[in-house]
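Visitor: Hi! Could you walk me through this one?
Guide: Happy to, let's bring it up.

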Amino acid sequence: MKKTTKRSSAAVMNRSQRRSMRAFAPLFLLPTVAAFCIGFVWPFLQGIYLSFFRFKTLKFTTFVGFDNYEKALEDETFLRSFLFTVAFTLVSVTVINLVAFAIAFVLTKGIKGSTVFRTVFFMPNLIGGIVLGYIWKMILDGVIIRFLGSTLALNATYGFWGLVILLCWQQIGYMMIIYIAGLQNVPTEYLEAAKIDGAGSFQILRHIIIPTVMPSITICTFLTLTNSFKLFDQNLALTGGAPFRQTEMLALNIYQSFYNSVSNMGIGQAKAVIFFVAVVIIALSQLYFTRSREVQE
Amino acid sequence: MTSHLSRGTRTVNTVLTVIFSFLAIVWILPIVIVLVNSLKSSSSIALTPFQLPTADTFMGFQNYVTGINNGNYPFYMSAFYSVVITVFSVALILLCTSMAAWYINRVDSLFCKVIYYLCIFSMVVPFQMVMFTLSKTADNLKLNTPWTIPIIYLGFGAGLAVFLFSGFIKSIPLEVEQAADMDGCNALQTFFLVDVPIMKSTYISVAILQTMWVWNDYLLPYLVLDRTKYMTIPIHIQFLQGSFGRVDYGATMAMIMMCLIPIVVIYIICQKHIIKGVLSGAVKG
């Protein structure tokens with residue numbers, strides 16, 4: 001419906017209007033397109049190009065083919081950071097989505113103080129990653145030193161769970177907001193009809209509520225998945241990779257191979273390309289997977 | 001609403017309110033702990049972070065005074081540059097991307113389509129992919145000052161902004177614009193007099209999303225700016241904590257508190273807009 005109206009009016013535009021619009025193209029498009037080329041297109045293409053070269057500065061580059069990629073995949077710290085990132089992503093995506101959904105579920109039941117709770121839970125989302133990291137470093141170190149006799153910087157397990165706690169605190173409120181919006185779409189008539197038919201709460205949840213909020217579930221898993229996979233600031237501030245680069249996530253690993261290593265920067269760039277491909281694959285397959293389930297339900 | 005609920009449901013709801021009140025207190029506890037510690041001496045923060053200040057450890061606002069003037073780079077300068085960068089970048093993004101999005105949707109040529117899909121593509125690309133080359137490009141083009149870095153933000157932030165504006169522009173009926181056209185408005189006048197007022201709520205949403213991003217961004221300004229001359233708040237906090245030598249915990253806590261206060265105040269004032277903006281940004285998935 002929308003498409004046909006758009007097309008027919010676009011046809012109207014084709015004649016004189018369109019020609020007169022063209023005159024304004026530089027004014028409307030140029031600033032954004034120029035900045036987009038400087039800030040994205042050119043660095044992106046140059047990044048792919050440079051991943052095939054050995055270099056320390058941009059003045060002296062040597063073509064090495066896929067050598068950088070081989071070296072990147074042989075790098076133990078890179079593989080370890082990859083596994084760490086995958087484990088971290090799986091845990092945090094599950095915890096954040098379950099808790100956020102549960103909170104949203106209760107808050108849409110109309111309990112007293114829902115608005116206040118919503119406000120409080122969302123607030124940490126506005127705080128930047130670096131500041132978040134140092135807040136939690138102080139708190140977690142306080143707990144760990146007193147009760148466990150260690151510190152975040154000495155034990156990779158504590159570092160892992162520290163990052164999970166931090167990300168939960170930051171993202172649960174955000175996902176809760178999206179789930180609340182989804183849950184408000186569940187038609188009350190359906191719920192009442194199901195109750196009259198004698199459906200249990202679990203059946204109602206499974207057959208009515210979850211199918212209706214499936215779009216929200218798609219969005220939330222997509223956001224938490226990419227956010228945790230690309231995490232950098234929080235990682236840098238909370239653990240900085242300590243101990244011995246064991247809590248380093250992919251983004252931080254790439255950063256270190258650019259700026260804290262004396263060797264060939266091409267390896268860092270190759271890692272960045274691999275990272276980019278991984279992000280695209282994850283994003284696309286996740287979207288495909290949940291979208292297909294949406295249709296099915 | 002609650003009047004026709006059964007007694008059992010009401011009891012459950014009361015219990016839930018109690019549980020959630022407890023949870024909400026736990027949720028704001030980290031900020032309270034930072035506040036309390038920002039008033040204590042550095043050594044007592046490291047040893048007993050969960051203790052209320054005693055007569056010995058209470059410092060009053062001493063940490064704030066040291067923090068603001070501390071070191072070779074004063075905090076107020078970082079705050080100033082953070083404000084400059086955020087205000088200019090967001091203003092530039094709003095103006096330029098809304099115009100571009102409108103043009104792209106109205107003209108709809110092949111070139112416009114390519115730009116549009118490139119914008120969507122750019123949203124998936126992680127910053128690490130362009131990190132090194134972007135900072136080199138910015139250096140070469142002298143975009144490494146707080147006054148010019150907004151151009152980089154416009155480029156890297158264009159994707160989401162163009163996408164969100166386009167989503168709304170598609171829903172504006174062309175008839176409205178054609179009426180303006182008949183009255184002799186040119187494209188520029190039509191856009192600013194007809195479309196901009198209609199898009200007000202989209203402007204607010206985009207502004208909120210971009211402000212949250214630019215204000216909290218660490219890596220881009222860290223790599224692009226000349227750090228001996230310019231810092232932003234996140235860079236400053238990182239330097240306070242991550243620098244070599246003695247870390248002044250008291251001053252760090254005070255400076256973290258200085259970052260949190262404006263965020264909390266602004267959040268409480270514009271809560272509705274912020275939540276709406278964040279929601280509209282999320283729909284991109």
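Guide: We can start with the ground rules and then take your questions.
Guide: This is a predicted model, where local features need pLDDT of at least 70, side-chain atom pairs count only at pLDDT 80 or more, and totals for chains, interfaces and linings use all residues. Residues are numbered from 1 along each chain as its sequence is written, while chains are lettered from A and ligands numbered from 1 in the order in which they are written.

Visitor: Cool. How many helices and strands does chain A have?
Guide: Chain A has 14 helices and 2 strands, counted as DSSP runs numbered from the N terminus (helices are H or I, at least four residues; strands are E, at least two).

Visitor: And why is chain A more spread out than a compact globule?
Guide: Its radius of gyration is 25 Å, well over the 19 Å that the globule rule gives for 297 residues, so chain A is more spread out. That radius is taken over C-alpha atoms, and the rule is 2.2 Å times the number of residues to the power 0.38.

Visitor: Which domains does chain A get?
Guide: Domain 1 covers 2–37 and domain 2 covers 70–296, with bounds from an automatic or database domain assignment. Their C-alpha centres lie 40 Å apart.

Visitor: New topic: how many residues of chain B are in contact with chain A?
Guide: 72 residues of chain B are in contact with 78 residues of chain A (C-beta atoms, placed from the backbone, within 7 Å). On the chain B side, the largest share, 12 residues, comes from helix H1 (residues 7–37).

Note on methods
Two residues are in contact if their C-beta atoms, placed from the backbone, lie within 7 Å.
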